[in-house]
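Visitor: I work on computed structures and would enjoy a close look at a single part of this one. Could you pick a charged spot, start there, and then lead me on through whatever else helps to place it?

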Amino acid sequence: MAESTMTNEEYLSILNSMKEGFQVVDQDLRYVFLNKSAEEHSRMLPGSLIGRKMTECYPGIEKTKLFELIIDTLERKNHNEFDNEFTYPNGEKGWFRISIQPSDNQIFIISTDITEIIKKNKELEQFAYITSHDLQEPLRTIMSLSQLMSSTYKGRLDEKADKYLRYIDETSQRMSDLIKGLLDYSRIGSERELTNIDCNELLNAISDDLQENIRESKAQIEVGELPEIRGYETELRMLFQNLISNALKFQKKDNKPRVTIDARKEMGGWEFACTDNGIGIAPENRERIFDIFQRLNKKTRYKGTGIGLAHCRKIVDLHGGKIRVESELGQGSTFYVFLPAQQ
């Protein structure tokens, strides 16, 4: 069978049908090619950038992070990716996810318009901040009054009164934790700068932070040889800290927690596995646990807000990955997190 070859016109048609912007820039930083989406992203006349230098088209671009990464890709042949706030010549602002890839003496710049996503995220964060602030003010008053009443009247009234005051304290604290958890959830992904992360160093830092919990529970944490990946450091720290904290928390009585974390290379990325010897999860709950405010166990036995694993899913989604769990009741769980090599 004869080999099928594509004509230049067919390649051009495919590039122009892409919703992502595709640019080719030479080693002198002159525009060689832009597809239709890239021209739309530039907000300039079609064809007006071809043959011109980036610094000529966008005065001041040499002071930006984008320009720094473009130079890095040209000189060191690195692949770079980050989210970039861009100001158009008319003063309008937009957000793009930029991927810069080397190719001989040129570079390819692929841009995805994420302006609407960023706007919605900022609106959600602002809403969560205002809401949580408005909720915390009366809550702080309730907590202060409750503590004042406890210190003044505890033991002076009957047992029922002491019990009611204790309920008010516990419920107020739980409400405070829920508000903080909701605010943290809304802020995931707000910094949006990809960096190279040594996962072994990251897990060492998390183990130091959790040292008191590890010591009290007499837990054993084993970490295998982990890779260096590209991602959002604050969020990945929260991801692994939540997984380890849950493994320490959801344990049978008098059981010594044992947690192992390792990773293996998969096609297109890395799959991390966090395995524990805890209470396990019933099959019907293995998807529900990743929904926000979902609790499978009585709060009297296991403290928490039901937000931790929702945080984990949102963080993994932010990285374009997948999270799943394999578990057996009474036998422990393994959480698998797949993170693409290049987000």
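Guide: Gladly! Let us start at R166, which sits in helix 6, the run of residues 159–187. Please keep in mind that this is a predicted model. With a relative accessible area of 43%, R166 is partly exposed. R166 also has company, since together with K154, K160 and K163 it makes up a positive patch on the surface.

To place that spot, here is the chain as a whole. The protein chain has 343 residues, and 40% of them count as buried. Its secondary structure comprises 10 helices and 12 strands. The accessible surface of the chain comes to about 20,500 Å², with carbon and sulfur atoms supplying 50% of that area. Among contacts with a separation of 6 or more, 58% are between residues 24 or more positions apart.

F82 gives a good example of how distant pieces of sequence meet. F82 belongs to strand 3, residues 80–87, and is buried because its relative accessible area of 7% falls under the 20% limit. Once neighbours within four places in sequence are set aside, F82 touches K65, L66 and L69, then F96, R97 and I98, and also L194. The C-alpha atoms of F82 and E193 lie 5.9 Å apart, although 111 residues separate the two in sequence.

The surface has a nonpolar patch as well. M6, Y11 and I14 form it, and their accessible area together is about 290 Å². Y11 lies in helix 1, residues 8–17, and is partly exposed at a relative accessible area of 46%.

Now back to charges, this time paired ones. The structure contains 11 salt bridges. In one of them, E222 pairs with R258, and the closest N and O atoms are 3.2 Å apart. E222 is in strand 7 (residues 220–223) and R258 in strand 9 (residues 258–266), so this pair ties together parts that are 36 residues apart in sequence. Both ends are partly exposed: E222 has a relative accessibility of 29%, and R258 has 40%.

Another salt bridge links R264 and E266, with 2.7 Å between the closest N and O atoms. R264 is partly exposed at 49% relative accessibility, and E266 is partly exposed too, at 28%. A further bridge joins the side chains of R324 and E271, at 3.5 Å from N to O. Here R324 comes from strand 11 (residues 322–328) and E271 from strand 10 (residues 269–276), so the pair ties together parts that are 53 residues apart in sequence. R324 is partly exposed, with a relative accessible area of 36%, whereas E271 is buried at 11%. Through shared partners, salt bridges connect R264, E266, E271, R324 and E326 into one network.

Helix 10 is worth a visit too. It spans residues 308–318, and 8 of its 11 residues are buried, so the helix is largely enclosed by the rest of the structure. The buried residues in helix 10 are L309, A310, H311, C312, K314, I315, V316 and L318. Just after helix 10 comes G320, where phi is positive at about 75°.

That brings us to backbone angles, where two further residues deserve your attention. L29 is not a glycine, yet its phi is positive, at about 65°. L29 lies in the loop between strand 1 (21–26) and strand 2 (31–34), and it is buried, with a relative accessible area of 10%. K218 likewise is a residue other than glycine with a positive phi, near 55°. Its place is the loop between helix 8 (211–217) and strand 7. K218 counts as exposed because its relative accessibility of 58% is over the 50% limit.

So, to return to your charged spot: R166 is a partly exposed residue in helix 6, and it shares a positive surface patch with K154, K160 and K163.

Technical notes:
Residues are numbered from 1 along each chain as its sequence is written. This is a predicted model: local features need pLDDT of at least 70, side-chain atom pairs count only at pLDDT 80 or more; totals for chains, interfaces and linings use all residues. Side-chain values use heavy atoms; hydrogens and water are left out. Patches are made of residues with over 30% relative accessible area and no salt bridge: like charges are joined within 9 Å, nonpolar side chains (Val, Leu, Ile, Met, Phe, Trp, Tyr) within 5 Å. Accessible areas come from the Shrake-Rupley method with a 1.4 Å probe; for residues, only the protein chains shown count as cover. A salt bridge is a side-chain nitrogen of Lys or Arg within 4 Å of a carboxyl oxygen of Asp or Glu. Lys and Arg count as positive and Asp and Glu as negative; His and the chain ends are not counted. The place of a charge is taken as NZ of Lys, CZ of Arg, CG of Asp or CD of Glu. Helices (H or I, at least four residues) and strands (E, at least two) are DSSP runs, numbered from the N terminus. Buried means under 20% relative accessible area, exposed over 50%, partly exposed in between (1.4 Å probe, protein chains only). Contact means heavy atoms within 4.5 Å.
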